[in-house]
Amino acid sequence: MLRVAVVGSGPSGVYAAQTLVEQREVPGVRVDVLDRLPAPYGLVRYGVAPDHEKIKSLQGSLRTVLEDDRIRFLGHVEVGGAALPTARLLELYHAVVYCVGAARDRMLGIPGEELAGVRSATAFVSWYSGHPDAAGESFGLGGVESAVVVGAGNVAVDVTRILARGAAELAPTDMPQPALGALADSRVRAVTMIARRGPSQGRFTTKELRELGTLPGVGIRTDPAELALDPAYADPGAAAALPAVARRNLEALRGWAAEGPGGQGRSIALRFYLRPVEILGGPDGRVRAVRCERTAPDGRGGVTGTGRYEDLAAQLVLRSVGYQGVPPEGLPFDPVRGTVPHAAGRVLRAGRASAGEYVAGWIKRGPSGVIGTNRPCAKETVSSLLQDAGALARRELPGDPLDALRAAGLRAAGLRPVEWPGWLAVEAAEAELGRALHRSPAHGPVKIPDWPTLLAASRTPRP
Ligand code: NAP
């Protein structure tokens with residue numbers, strides 16, 4: 001029997017586990033899916049916005065995989081720390097597939113970034129998604145009228161939308177109660193999303209972009225002159241050469257530019273060719289504005305500075321300029337790419353494939369693509385692993401890794417892995433919380449956002 005540990009229970013980890021047990025080349029593969037958190041599903045639970053119910057419903061299919069008899073979910077198991085170094089994990093399994101994503105946000109590297117009120121979009125997402133590591137965060141929105149979101153990817157679109165939406169619309173979602181309460185106190189009137197390049201170079205997808213124009217009572221503002229700086233916007237002939245998603249994005253923006261600003265309530269402004277160069281603070285040490293240099297297309301897909309500046313007033317700035325990989329300690333890492341060096345998913349140490357170590361998902365290819373992109377990515381990695389399986393399976397293992405994991409966790413930090421029934425108990429507790437809060441007629445589940453309550457729930461057996 002080939003025993004494999006998959007580290008990370010987000011889409012890439014679950015797809016890797018599924019591919020491993022469903023293939024027919026190597027019979028009898030058993031997989032343990034480990035996660036640092038007591039809850040599975042990675043960014044589908046802690047990254048996909050709470051109002052994107054359809055994408056969130058993917059949890060159902062990930063769940064079916066994790067309930068397969070040949071797979072065990074073991075939450076609250078941190079790999080790479082003192083309790084369970086990566087080398088020890090490799091002793092317990094024939095192979096380990098790291099699917100740990102890209103957890104850290106990137107900085108802008110400009111003066112003023114440390115001012116109060118300048119935060120990362122990832123922290124904001126983690127907070128409203130109920131990630132237990134974000135339980136200590138607070139995003140008081142009662143003193144915020146204008147917010148600036150830096151970046152033009154789907155995360156920027158998500159946080160812009162959540163800031164613009166009313167709490168009443170979000171009440172039926174599983175958003176944790178403290179975050180919903182802060183949104184209910186919000187005085188945000190204007191959210192400005194800024195891109196350093198042009199509208200044809202936005203990284204957002206069209207469905208997500210268009211959704212901004214469907215929010216009740218929210219007007220969309222664009223500047224036609226700014227949009228027209230983009231040769232592909234100004235000239236439909238040039239647009240024909242663009243990828244379909246960029247063409248559709250331009251259509252959406254053209255429609256909004258033609259309509260002019262609407263909506264009586266909050267507004268979302270989509271600005272382009274603005275590069276933040278400094279965050280300006282007030283006497284209270286809080287952000288008051290973002291100074292941006294206007295840019296212009298350089299004809300090669302990039303931009304050049306124009307030496308002209310514009311200050312955008314803001315009491316909250318969210319930088320949303322991409323994620324960065326953070327490998328478990330003990331794995332090699334390429335800091336420039338932000339990924340673990342690999343060849344077709346085999347981890348490379350000093351340029352050579354390291355026996356039994358693999359990567360899939362964002363830690364392998366960087367933070368790009370949609371959830372489905374992880375399927376072929378995981379398949380490639382599993383295919384490499386299966387080619388190596390003959391040699392890997394020759395090593396005799398010390399026994400059932402779960403026994404050792406229980407012992408390792410207990411010894412080092414008084415930890416216990418949360419097994420599938422423990423997760424089901426968390427699910428039940430979140431359903432109960434939803435019923436008790438009664439935030440909407442359907443009173444769906446509401447997330448438990450802190451470590452102690454999550455762990456306590458996981459230890460409370462349900463009938
Ligand atoms: P992203 O798609 O890589 O976008 C990052 C944005 O930040 C780009 O517009 C980039 O501009 C800008 N940027 C980078 N450095 C900057 C700087 N120093 N100053 C100003 N702007 C800067 O990253 P993301 O939005 O974090 O998304 C990560 C992945 O998750 C993507 O694959 C995304 O599609 C996916 N995702 C999907 C969904 C969904 O499907 N609903 C939701 C959330 C996330 P340049 O292009 O000029 O570099």
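How many bridges join strand 9 to strand 10, and do the two strands run parallel or antiparallel? In this predicted model, four bridges join strand 9 (residues 219-222) to strand 10, and the two run parallel. Within this pairing, I220 has I268 of strand 10 as its bridge partner. Strand 10 also pairs with strand 8 (residues 190-194). That pairing is parallel as well and spans five bridges. Here T192 stands opposite A269 of strand 10.

Strand 10 is largely enclosed by the rest of the structure, because five of its five residues are buried. The cut-off for burial is a relative accessible area under 20%. The side chains of the strand fall into two sets. S267, A269 and R271 point one way. I268 and L270 point the other way. Residues of both sets are buried. Thus A269, opposite T192, and I268, the partner of I220, point in opposite directions from strand 10.

The loop that leads from strand 10 (267-271) to strand 11 contains Y273. Phi of Y273 is positive, near 55°, although the residue is not a glycine. Y273 counts as buried because its relative accessibility is 2%, against a cut-off of 20%.

Beyond this loop, strand 11 (residues 274-281) pairs with strand 12 (residues 287-297). The pairing is antiparallel and covers seven bridges. G281 faces V287 of strand 12 across it. Five residues lie between the two strands of this hairpin, and G285 takes a positive phi near 80°.

Strand 12 also pairs with strand 13 (residues 303-313), again in the antiparallel sense, over eight bridges. In this pairing C292 stands opposite E310 of strand 13. The hairpin of strand 12 and strand 13 has five residues between its strands. G299 has a positive phi there, near 85°.

The ligand is surrounded by 21 residues. The closest are A152, R196, R197, R203 and G369. By class, the shell holds nine nonpolar, seven polar and five charged residues. Both domains take part. Domain 1 (3-103 + 325-418) and domain 2 (106-322) each supply at least three residues to the shell. Among the contributors, helix 7 (residues 154-164) gives the most, with three residues.

Polar atoms of the protein approach the ligand at several points. A backbone N or O atom of A152 lies 3.0 Å from a ligand oxygen atom. For V155, a backbone N or O atom lies 3.1 Å from an oxygen atom of the ligand. E208 contributes through its side chain: a polar atom there lies 3.1 Å from a ligand nitrogen atom. The ligand taken alone exposes 920 Å², of which the protein buries 85%.

Helix 6 (residues 121-128) is a second enclosed element. Eight of its eight residues are buried, so the helix is largely enclosed by the rest of the structure. The buried residues are A121, T122, A123, F124, V125, S126, W127 and Y128. G130, just after helix 6, takes a positive phi of about 75°.

Two further loop residues are also buried. Y41 is found between strand 2 (29-34) and helix 2 (42-46). Its phi is positive, about 90°, although Y41 is not a glycine. Y41 is buried because its relative accessible area is 1%, and the cut-off is 20%. G325 lies in the loop between strand 15 (323-324) and strand 16 (342-343). With a relative accessibility of 5%, G325 also counts as buried. G325 and R104 are 221 residues apart in sequence. In space, their C-alpha atoms are 6.3 Å apart.

Note on methods:
Residues are numbered from 1 along each chain as its sequence is written. This is a predicted model: local features need pLDDT of at least 70, side-chain atom pairs count only at pLDDT 80 or more; totals for chains, interfaces and linings use all residues. Side-chain values use heavy atoms; hydrogens and water are left out. Two strands pair if DSSP finds at least two bridges between them. A residue is near a molecule or strand if one of its heavy atoms lies within 4 Å of it. A polar contact is a pair of N or O atoms within 3.5 Å; within protein, one must be able to donate a hydrogen and the other to accept it, and residues adjacent in sequence count only if both atoms are side-chain atoms. Accessible areas come from the Shrake-Rupley method with a 1.4 Å probe; for residues, only the protein chains shown count as cover. Ala, Val, Leu, Ile, Met, Phe, Trp, Tyr, Cys and Pro count as nonpolar, Asp, Glu, Lys and Arg as charged, and the others, Gly among them, as polar. Domain bounds come from an automatic or database domain assignment. Buried means under 20% relative accessible area, exposed over 50%, partly exposed in between (1.4 Å probe, protein chains only).
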